[in-house]
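Biologist: Could you walk me through the contacts in this one? I'd like to begin with what you count as a contact between polar atoms.

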Amino acid sequence: MSSTVLDLPRAGQPAPDPDEYIGALMRWHFDASTGSPFWLRRARSLGFDPIADVRTFADLRLFPNVVDEFRDVPVEDLIPRGLAGEDRVIAGVYESGGTTGAPKRFVMFDRWMEFALSWDEFHYADLGPANVLAVAPSGPHMFGEFAARRARRHEGVRFTVDLDPRWIKRLIERDGPGAADLYAEHVIDQAAHVLTTQAVGILITTPPLLERMARRDDLVELIRKNVRFICWSGAHMDADSREIFQAEVFPGIPLKGLYGSTTILGMSRERPGEAAGGLAVFDPPSPYIAFRVVDPDTGDDVNLGERGQVVMNHLTKYALIPNNLERDHALAAEPPPGWLGCAVADVGPVATFDDHAVIEGVY
Amino acid sequence: MGEPIQIDALGPAGPYRSRNRRPLTSLSGAQIGEISQVPSLYVHRTIAAMRAAPVVPGARRLDALDTAAELFLTAPLGGLGPDEYVRLVSTASGVPRAVVRQSVGWIADVLRAQRTTVELAMPRGAVGDWRDGRTREGAAVWARRGDLFAVHAAGNTPAVHGLWPEALALGYKVVVRPSAREPYTAFRLVEALRQAGFPPATLTLLPTDHDVADVIIAEADFAIVYGGQDVVDKYSAIPTVLTQGPGRSKILVTADVDWRDSIDIIAGSVSHLGGTACTCASAVLVEGDPEPLARALAERLGRIPSLPADHPDAILTVQPTASVVEVDQYLHKVAGDARPLLGGDTIVDELPSGGAVLRPAVHMVDSPRAAQLGVELPFPCVWVGPWRPADGVAPLRDSLVLTAMTTRTELIDALLDEPSIINLYLGDNPTTWLRPGIPHDGYLGEVLMRTKGMIRTAVESPAA
């Protein structure tokens, strides 16, 4: 039943033909023997026949954005029935959101997670053994588990600190940014203790927390001395701050971003080099994750180089999460040849989302 | 305009042009250049570098302020000669050229006066330097309460830059966040002070958006913030932030004085600097019938011509037409039942050269408690109402400047005792009267400095 075109790629294997991939994906998720209870049920109210009508990447626009339904669907219903054996091993259930409204839950499969982790592996190729310090949310967020797996790949351990982004946002909404300061400094104090007493080679954190670390001369000195790689994710980093980090604060230490979301169960990786204007460009692992950037008013794709709102698609046999309008705005960037959708650059927040004011805070 | 203008940040290590920049526009809306918008990371690093920098010794500070006054008046700075700078401010921000020149002169006077201003502000029991011989017998030494002073400037008139040089004179390091509408004066003044001898790490210019401006204010030891009532409300609870909001300056004329001799002073108080200063009178209270005074005032203000801001005779401010229309609509809303004598139809006077003049407005209210008397708008807009001795001080509260045209000494005593009247001028002095060395909102030194007791025996000054 399963088409091998949906299998995750092995080394040297050519990229699947996009239309063949989308066709196989629809058959997988909407065939009663392989699809998930959620999608088989949801297909009845779609108003179109996914197998007959969705044949190309562009056709995915037929799908409504269903992620809000992931707030209360039982996670068992999200598991495609066709998954078996190694494919069926679950790494965890992770949540997205929770800062604006109730959280949405997603099932992360082990094989997929290892692939997603490998997506930016080339950045770490020459690093060798290293411990990881993740100053980032763990709990229901996939960020922490990715950090743990990163450490394992470097024959190291993961140090971590507790961080609850939802509570920080509540504090900011209630008391303004000053209230979150105390919490953030508490987090940095804990990170400082790890950096002072342990050998940390890889630092994983968010831009606001990295900026706080940069304010403490002693931490900057420790990071410069020990850390060989800094990975940031989870919030926006503007081109000016990025340049200051690279040129002045942490010169010589690779500083690489990951742009992703639990709603795509993975990340896009920072392309080597940069676009004009000092911007990092992020490539998703097409065809498994594909981005579009659209005009928020019309929903139409913007031209490459133009700004719009990011639409994310997760398109694997492990999950189907199409046509999800994210809150971020970004520049649409030229993708590598043959990829679905586009790459993105200069990702940043919009002022409002879904009638909740979006507050960019520590996370 | 010629070359596009670039307003860079002036950081501790030199000019910094961020990638994130916002357009600078002229009154017609045309883009004439760009202003950098530095990120918070840059702010934090700048402030750390400033805190690490040594304080410039007192005598050198005062010399540098003198030199800066000359440079500010005469030198080409940031690629602009003094005349080009004046023209740019008037063309781009709509402040009349004459107002810019007047403000430039005022700022230069302030810079040169710091030598005496600092002396005047210091408590008489204190010495300015611990090396002074009086500390051998025991004395107060005047000492800084902090190290870093932030300025969140406004763009309505360059004269706003006349307050903060006092902080430099006192030995504070100063970070200026310029107005996005008129950053040119801040840029020029910081350049002049740097060329005059203030090292870059003691005086910086950080253009930012409003969120990052809050970071500057939060990180500084003290800040001065210009803005409307919203800004005052936002910061008034923070004791280290000095707010410069609506001045609500007023004039009181009692029956023992003939206002006819003083009508030009009253009109000048309203229209000085195009009505954009917080010292401009926005209310006149008259004992007896206020109408003749109101009519005379409307007649005087109505004579002021509408001219492009860069015209040498221009007095009134020019703004983009849409903004002026908004102000006019707001005026109609707040005027309510007030009786218009001037500007009641419209204050918008569109110019063929772009933008619109904000024409003066005179309204009459029938009570000294009328809410309109507290409404201050950024153009010559004045409310005239009645006052009786029985009304007392209450209608005169909350005034940055009160000019009391009266000979009644008991009333003067009461006005001086009223805490919310910040400056009290008597007789034929406009509310807009200013003199370097005379406080505008107290001396900055009252907030930025304190006395410390000192007695010494063994320590000798090497230089003494």
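Modeller: A polar contact here is a pair of N or O atoms within 3.5 Å, where, within protein, one must be able to donate a hydrogen and the other to accept it. Please keep in mind that this is a predicted model.

Biologist: OK, and how many residue pairs are in polar contact across the interface of chain B and chain A?

Modeller: By that rule there are seven such pairs across the interface of chain B and chain A, counting pairs in which both residues have pLDDT 80 or more. On the chain B side, helix α1, residues 40-52, gives the most, with five residues, and the side as a whole divides into four nonpolar, five polar and two charged residues.

Biologist: How many salt bridges does the rule find there?

Modeller: Two are found across the interface of chain B and chain A. R45(B) forms a salt bridge with E248(A), and the closest N and O atoms of that pair are 3.4 Å apart.

Biologist: What area is buried between the two chains?

Modeller: About 1,100 Å² is buried between chain B and chain A, with carbon and sulfur atoms giving 52% of it. R45(B) turns up again here, since R19(B), L41(B) and R45(B) are the residues of chain B that lose the most area to chain A, together 63% of what that side buries. In terms of residues, the contact takes 11 from chain B and 14 from chain A.

Biologist: Switching to chain B by itself, which domains does the assignment give?

Modeller: The domain assignment of chain B gives domain 1, covering 5-245, and domain 2, covering 249-426. Their C-alpha centres lie 30 Å apart, and the contact takes 17 residues from domain 1 of chain B and 17 residues from domain 2 of chain B.

Biologist: And which residues supply the most of the area that domain 1 buries against domain 2?

Modeller: The two domains of chain B bury about 1,300 Å² between them, 57% of it on carbon and sulfur atoms. L27(B), P96(B) and R97(B) supply 36% of the area that domain 1 buries against domain 2, more than any other three residues.

Biologist: What is the count of salt bridges between those domains?

Modeller: The count between domain 1 and domain 2 of chain B is zero, although five residue pairs are in polar contact across that interface, both residues being at pLDDT 80 or more. On the domain 1 side, the elements giving two or more residues are α3 (82-93) and α4 (97-121) of chain B, and α4(B) makes the largest share, with five residues.

Definitions and conventions. Residues are numbered from 1 along each chain as its sequence is written. Chains are lettered from A and ligands numbered from 1 in the order in which they are written. This is a predicted model: local features need pLDDT of at least 70, side-chain atom pairs count only at pLDDT 80 or more; totals for chains, interfaces and linings use all residues. Side-chain values use heavy atoms; hydrogens and water are left out. Domain bounds come from an automatic or database domain assignment. Contact means heavy atoms within 4.5 Å. Buried area is the accessible area (1.4 Å probe) that two parts lose on being put together, summed over both. A salt bridge is a side-chain nitrogen of Lys or Arg within 4 Å of a carboxyl oxygen of Asp or Glu. A polar contact is a pair of N or O atoms within 3.5 Å; within protein, one must be able to donate a hydrogen and the other to accept it, and residues adjacent in sequence count only if both atoms are side-chain atoms. Helices (H or I, at least four residues) and strands (E, at least two) are DSSP runs, numbered from the N terminus. Ala, Val, Leu, Ile, Met, Phe, Trp, Tyr, Cys and Pro count as nonpolar, Asp, Glu, Lys and Arg as charged, and the others, Gly among them, as polar.
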